[in-house]
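Please open the structure in your viewer and keep the selection tool at hand. The tour below moves from stop to stop, saying what to select and what is there.

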Amino acid sequence: MSTRTFGTRVKRNIDPKFLRGEGSYVDDIDLPGVLHATFVRSPFARAKISKIDVQDALSMEGVMAIYTCDNIGKLDIELPLLIPHDCMKDARTQRPLARDDVYYVGQTVAMVVAINRYVAEDAALLVDVDYEPLPVEVDLEKAVLDSAPLVHPTHPKNIAADLVQVSGDPEAAMLKADHVTKIRVEVERSTAASMETRSVAARYDRVSGELTVWDGTQAPLTVRGGLASIFEMDEDKVRVIAPDVGGGFGQKVMFPYPDELLVPMAAMELGYPVKFIEDRRENFIGSNQERKQIHDIELYATKDGEVLALKDFFLHDTGAFIPYGIAIAQVASTSIAGPYQIPNIHVQFQAVYTPTITITPYRGCGRPQACFAIERAMDQLADDLGMSRFEIRRKNLIADDQFPYVREGLMFADGLRVSMDSGQYQTALDMVEEKIGAKDFPKLQEQARSEGKHLGLGLAFYVEGTGLGPYEGGHIKIHPITGKVYVNTGLSGQGQGHDTVFAQIVADQLGVKVEDVILTEGDSGAFDWGVATFASRAAVVSGNAIHKTAIIVRKKTIVAAANMLEVGEDEVELRDGHAWVVNSNRCVSLAAVATATNPLRYAFNEAAKAATQFAPASKHDGPALDDGQSPGLEATDYFSPACATWAYGVHAAIIEVDDVTCSAKVVKYVLIHDCGNMINPTIVEGQVMGGLAQGIAGTLYEKIEIDEDGNITNANFVDFLVPYATEIPPVEIYHLETPSPLNPLGVKGVGEAGCIAVGATIASGLADALEKFNKPKFLSLPITPSMIFDVISDEAQN
Amino acid sequence: MKTVRKLTPSKSADPTRKISLTVNGETVEREVSVRMLLSDFIRHELGLTGTHVGCEHGICGACTIIVNGESSRSCTILAVQSDGMDLRTIESVAEKGGCLHPIQQAFQDNHALQCGYCTPGMIMNIISEFESNSKIDTSEESIRELLSGNLCRCTGYANIVEAVRDAAERMGKN
Ligand code: FES
Ligand code: FES
């Protein structure tokens, strides 16, 4: 076999295209005659619509059509509830265009289609909508009070869902505890802010009746299924392609956003291609967000620090609608005990409607909130008991021989019980302790203090259930002319490097170069079985599906090559794009094998001659293909994971507080992570680092600011502070590799890993740095300079 | 039922001006709407879609091109303002079908891109810095400073910093 590429730092196949500016994102696709759509959006968080007048707008030169709820036919519906769950009663979802009521600032009220975006925006301003504003409450805690105005009259106290989950016997365990630590933590709302906004383009072919949709989505096959069902078309008449996508981070997984239905509808109706390219402001006010939760967490422990029980109650802001069900809250509630053995858990959440943009997952999906809650609580417990933060964790971490560690009674987001499959938690903690220099830190801290500086060490552990089902597939075909290997899978990429890691998996089985493996993903015209890209699942689920498929193709190739080379199958090896007789220089190219396995009538090239009917190697004593045999070197297979596979890691940081600017400076940041076997460490590190930067962003910079009327007051990149290179510190990344026992490749997901523990780590470091100020510290995210100022200035006054 | 297709107007009521400029070495003459952004002109009129837009308000740097030798944000310039100017976009950087520019190569070698959306803007900005300075300060801090006009949401920047350092070395600018 050729040198194994699995586990090596192979360069990415896709890069040269991007580097030359030859990527093709939705807005780059050349659609002659394309029309542009834009939206009239609600300026009120909650209002009745009494009148919509489109006449002036419609008469503007260059305007082709204006749609309101009255002329969109069967699209005038409440959109589907994507993930139903019993704990939601009468779950509310949005309509593509508002009818009678609006529920958040930014909700789509009308769609304008015009010859260009400039005209469309002008016309949108001329659409005259009369609103009767209603009272609103956007504050999560106040929204559940009896006095709060209701977002939906159907839901008293604005409660969308209420779920209690219990593991073990928390009531009994609490009674046995010597000590209880109670804290309240809060994480604010944020947004994915991918550099490419959401975008969709559609073209309808009136001759073939085929609708083609280019959608910057993480879930092209779901979009295809949804469009076919809503438009009542054959699935085969709808092709959805996720072309190059400029980042997703969860925001692009939900379907349908209104534009994803209305743009195809307009293309079909108007007979011209139509596109909608969201601008940045629309991305802030019109595309889903995540994060706001308030946790009251309690740890019941013995006096020597063993946690016997955990109780957590949290409010989860779900925005005005709940199309994605309770996914985020459920992930948070089932991750709440982190990496610890805590056998008794009582966790309850209430998902709350607020008149704000809908909440669906953003990278991390509930995990950063859960991690922040449990890790800040562990720090507090350590302080309360006079233990070190390393000690308290060491005492409670799940030991290597306790895997699989099951939390009976907690049901994860895949509908299966929480079962953490494998890991080396203690080793990871030891490693981070050493790498951050914990032993020498007290001296450093002492010295800094003597110089009037504040230095702290922060620490946080995280776990991450990854690689959720239900399944993905892989299709592989060796091309008879070029010998190149074509691979398809149904989910889509947004920059993760799927094309390269999947190519590595295939290259290892077939003995070809990584760059000769060509991946098509996210195109329902190429492969149309599968689910989507979310929950750090691509490498686990599609990766293993492709691996299984490659094994089948390898087998077929060896059988056929052995036949051509007239040797036994065990004497054939695949390498360098050829099948070789072992220990000899006899070989045949994979192209020739692929050609020979396709019985031909016509010799279109030299290799094809060998496959024609009178050629010596062809079969002359029966049908060219036996029953059940298929032509070519091709196969399709699927992988369906038994349950989520749990990755984990631990972060540590040394943080310095600047007295003057009240800012937190990361002096050193170390992270250990374990995502099982790594297919490509460079790509893994890229994912971790990217996640970490988003973690820093959410910890120190980013927050969606919503005023009391429900307006987002920082809906732009001037006021919403996405960090530049100057704000992100260098980070040391170290790997542990505990193979997952749950899939053949032994891999776990890594997409979200980096962001989860950053908030808890930096808060922990700041609290340590400012320990001498006797105040509860850093229990909410993001941490702003004024929060630091509040801690420091009190002391100054004293 | 098929409905009658509306006639599309060929243009809007916007006033237009004729502009003439150089783009990637080619002379271009076009009639443009007076309010068209340069970024839209480059992307949709000239079909050079390698220049991206991430915010259209001058913050993200995705639309960075080189205007008269200086890196500039094409989303904050009107197409009519570019009359008589010399523009260079990402499409001019590598040799056609041939080798990548050393900065591009350093990006690939250091895994300095993921989704690739910010990449052209990053590269145009770095090229203009490299061209206007005979030496590049390759300290961590000053490379980060050099990159501080371009947002990247995917990479966390570490590998981009590495790529700049690597490119400076390859080009003898360190
Ligand atoms: S698109 Fe020009 S700076 Fe963002
Ligand atoms: S690589 Fe995706 S934004 Fe930079």
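Before you begin, keep in mind that what you have on screen is a predicted model.

**Stop one: a pair of helices**

Select residues 681-701 of chain A, which form helix α18, together with residues 758-769 of chain A, which form helix α20. The axes of these two helices come within 8 Å, and they cross at roughly 55°. Because of that angle, α18(A) is described as oblique to α20(A). If you turn the view, look for the sense of the crossing, since α18(A) passes α20(A) in a right-handed way.

Now show the side chains where the helices touch: on the α18(A) side you will find A:Leu692, A:Gly695, A:Ile696, A:Thr699 and A:Leu700, which meet A:Val758, A:Gly759 and A:Ile762 of α20(A). Sorted by character, the residues of this contact are five nonpolar and three polar, with no charged residue.

**Stop two: a threonine in α20**

Stay with helix α20 of chain A and select A:Thr761, which is found there. Is this residue buried or exposed? With a relative accessibility of 0%, A:Thr761 counts as buried. Setting aside neighbours within four places in sequence, you can highlight the residues in contact with A:Thr761, which are A:Gly458, A:Leu459, A:Ala460, A:His651, A:Ala652, A:Ala653 and A:Tyr669.

**Stop three: two residues with positive phi**

Most residues other than glycine have a negative phi, and most peptide bonds are trans, so the remaining stops deserve a careful look at the backbone.

Follow chain A past α20 into the loop between α20 and β29 (780-781), and select A:Phe778 there. A:Phe778 is not a glycine, yet its phi is positive, at about 55°. The residue counts as buried, with 4% relative accessibility.

Next, select A:Cys365, in the loop of chain A between β15 (344-353) and α10 (367-385). A:Cys365 also has a positive phi, of about 45°, although it is not a glycine. Its relative accessible area is 9%, and A:Cys365 is therefore buried.

**Stop four: two cis peptide bonds**

Select A:Phe255 and A:Pro256, and look at the cis peptide bond that joins them, where omega is about -10°. A:Pro256 belongs to the loop between β11 (238-241) and α7 (258-270) of chain A.

Finally, select A:Phe403 and A:Pro404, which are joined by a cis peptide bond with an omega of about -5°. Here A:Pro404 sits in the loop that runs between α11 (389-396) and β16 (405-411) of chain A.

Note on methods:
Residues numbered from 1 in each chain as written. Chains lettered and ligands numbered in written order. Predicted model: local features only at pLDDT ≥ 70, side-chain atom pairs only at ≥ 80, totals over all residues. Heavy atoms only, no water. Axes fitted to C-alpha atoms, helices over the stretch in contact; angles between N-to-C directions. Helix = DSSP H or I, 4+ residues; strand = E, 2+ residues; numbered from the N terminus. Parallel < 35°, antiparallel > 145°, perpendicular 65-115°, else oblique. Left-handed = near helix turned anticlockwise from the far one by under 90°. Contact = heavy atoms within 4.5 Å. Nonpolar A, V, L, I, M, F, W, Y, C, P; charged D, E, K, R; others polar. Buried < 20%, exposed > 50% of the residue type's maximum accessible area, 1.4 Å probe, protein only.
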